[in-house]
Amino acid sequence: MANLKEIKLKINSVKNTQKTTKAMKLVSSAKLTRTRQLSEQARSYAHKINEVLSDIANRVSKVHEEGNVDKAFIPNDNPRTVDIVLVTADKGLCGGFNMATIKTVSKLKAEYEAKGANVRLRAVGRKGIDYFSFQGEELLQKVSDLSSAPDYDRAAEFINDVVEDFNNGITEKVILIYNGFLNMLTQELRVNELLPISLENVETNDNDSSMLSLEPDDDEEVLNELTSKYLDFNMYYALIDSLAAEHSARMQAMEAATNNAKDRVNTLTVEYNKARQAAITTELIEIISGVESLK
């Protein structure tokens, strides 16, 4: 049986680990509360800008007999070049949060390559960057300190490079992949096609009661400006949503680690007590044997 001193050291070590994981859970819980509020506010704005964009896009399409000629709204089912933008965390210790995104990116990349498309990766988050760099994958863009501290201007700067390549015809489809916040216990993987923009799932208002009123000469200019804002904000919202999901995943992972540490302490305590009882029994037997030998 293990030495009493060794078991005692193990118990103390596990207890220290338990204190650390418990503290990390509390920190993640506090951060989640703040990030969740920001995420809910951003979600409301995202829905509204999506509705306005849809309304204006439909109005512009009615002006042209051939429909909306803006390439940002023309579907492309067989793209030759696809840009995948992935968002992961800068830190670990959050369960399978990062790997869920990485596996989805790898699977989607393989599917498009099987169709003969050239797939380029653009990564936000150190975990995704480290993984694909280790795999020998070339990353067209990489930012390792944005997912942990979302910033609108930096998010816009990042996605603008992607949009520029799309407008110049270098890439024909842009897909955004990240692990989003669903509720306190669940994260949901999001796979969003940023470009071309699909308005199929957005409810549009085709009646005359719309509050939007555009001058004929300004409609396309407004649409282009709104499209830019739409893409910028979707990138920013993805970072916020991913951060909220990260805190949620880490909180659950640390809670599970704390519980496991508690179970391990109980197991080691039982082992320690058994070893101590065995040591006492051995000493008693030696004392009794010594006494008997003196008779």
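The following is a working chat about a predicted model and some of its helices, strands and side-chain pairs.

Trainee: Before we start, what kind of model is this, and how are the residues numbered?

Mentor: This is a predicted model, in which local features need pLDDT of at least 70 and side-chain atom pairs count only at pLDDT 80 or more, while totals for chains, interfaces and linings use all residues. Residues are numbered from 1 along each chain as its sequence is written, and side-chain values use heavy atoms, with hydrogens and water left out.

Trainee: OK, helix α2 then. What span should its 18 residues have?

Mentor: Helices here are DSSP runs of H or I with at least four residues, strands are runs of E with at least two, and both are numbered from the N terminus. The expected span is 1.5 Å times one less than the number of residues, so α2 (residues 97–114) should span 26 Å, and its end C-alpha atoms, 27 Å apart, agree with that.

Trainee: And which residues of α2 are buried?

Mentor: Taking buried as under 20% relative accessible area, exposed as over 50% and partly exposed as in between, with a 1.4 Å probe and protein chains only, the buried residues are Phe 97, Asn 98, Thr 101, Ile 102, Val 105, Leu 108, Lys 109 and Tyr 112. Seen down the axis of α2, they fall within an arc of 135°, so they line one face of the helix; the arc is that of the directions from the helix axis to the C-beta atoms.

Trainee: What sits on the face turned away from that buried side?

Mentor: That face of α2 carries the exposed residues Lys 103, Lys 107 and Ala 114. After the helix comes Gly 116, whose phi is positive, near 95°.

Trainee: Switching to strands, is β1 buried or exposed?

Mentor: Seven of the seven residues of β1 (residues 81–87) are buried, so the strand is largely enclosed by the rest of the structure. Thr 81, Asp 83, Val 85 and Val 87 point one way, whereas Val 82, Ile 84 and Leu 86 point the other way.

Trainee: Why the two sets?

Mentor: In a regular strand the side chains alternate between the two faces of the sheet.

Trainee: How many bridges join β1 to β2?

Mentor: Seven bridges join them, and the two strands run parallel; strands count as paired if DSSP finds at least two bridges between them. Val 87 stands opposite Val 124 in β2.

Trainee: Now charges. How many salt bridges does a search of the whole structure find?

Mentor: The search finds 14, where a salt bridge is a side-chain nitrogen of Lys or Arg within 4 Å of a carboxyl oxygen of Asp or Glu. One of them joins Arg 122 and Asp 165, with the closest N and O atoms 2.7 Å apart. This pair links distant parts of the chain, since Arg 122 is in strand β2 (residues 118–124) and Asp 165 in helix α4 (residues 152–167), 43 residues apart.

Trainee: Are those two buried or exposed, and which network are they in?

Mentor: Both Arg 122 and Asp 165 are buried, and they are linked with Asp 83 and Arg 120 in a network of salt bridges.

Trainee: What does Lys 25 meet in a salt bridge?

Mentor: The side chain of Lys 25 meets that of Glu 255 at 3.8 Å, N to O. Lys 25 lies in helix α1 (residues 4–63) and Glu 255 in helix α5, so the pair ties together parts that are 230 residues apart in sequence. Lys 25 is partly exposed at 27% relative accessible area, and Glu 255 also counts as partly exposed, at 37%.

Trainee: Staying with α5, what is Thr 258 in contact with?

Mentor: Thr 258, in helix α5 (residues 219–294), is buried at 11% relative accessible area. Leaving aside neighbours within four places in sequence, Thr 258 is in contact with Gln 18, Thr 21 and Lys 22, contact meaning heavy atoms within 4.5 Å. A polar atom of the Thr 258 side chain lies 3.4 Å from the backbone nitrogen of Lys 22.

Trainee: And what does Arg 250 touch?

Mentor: Arg 250, also placed in α5, is buried with a relative accessible area of 8%. Not counting residues up to four places away in sequence, Arg 250 touches Met 24, Ser 28, Lys 91, Gly 92, Leu 93 and Cys 94.

Terms used:
A polar contact is a pair of N or O atoms within 3.5 Å; within protein, one must be able to donate a hydrogen and the other to accept it, and residues adjacent in sequence count only if both atoms are side-chain atoms.
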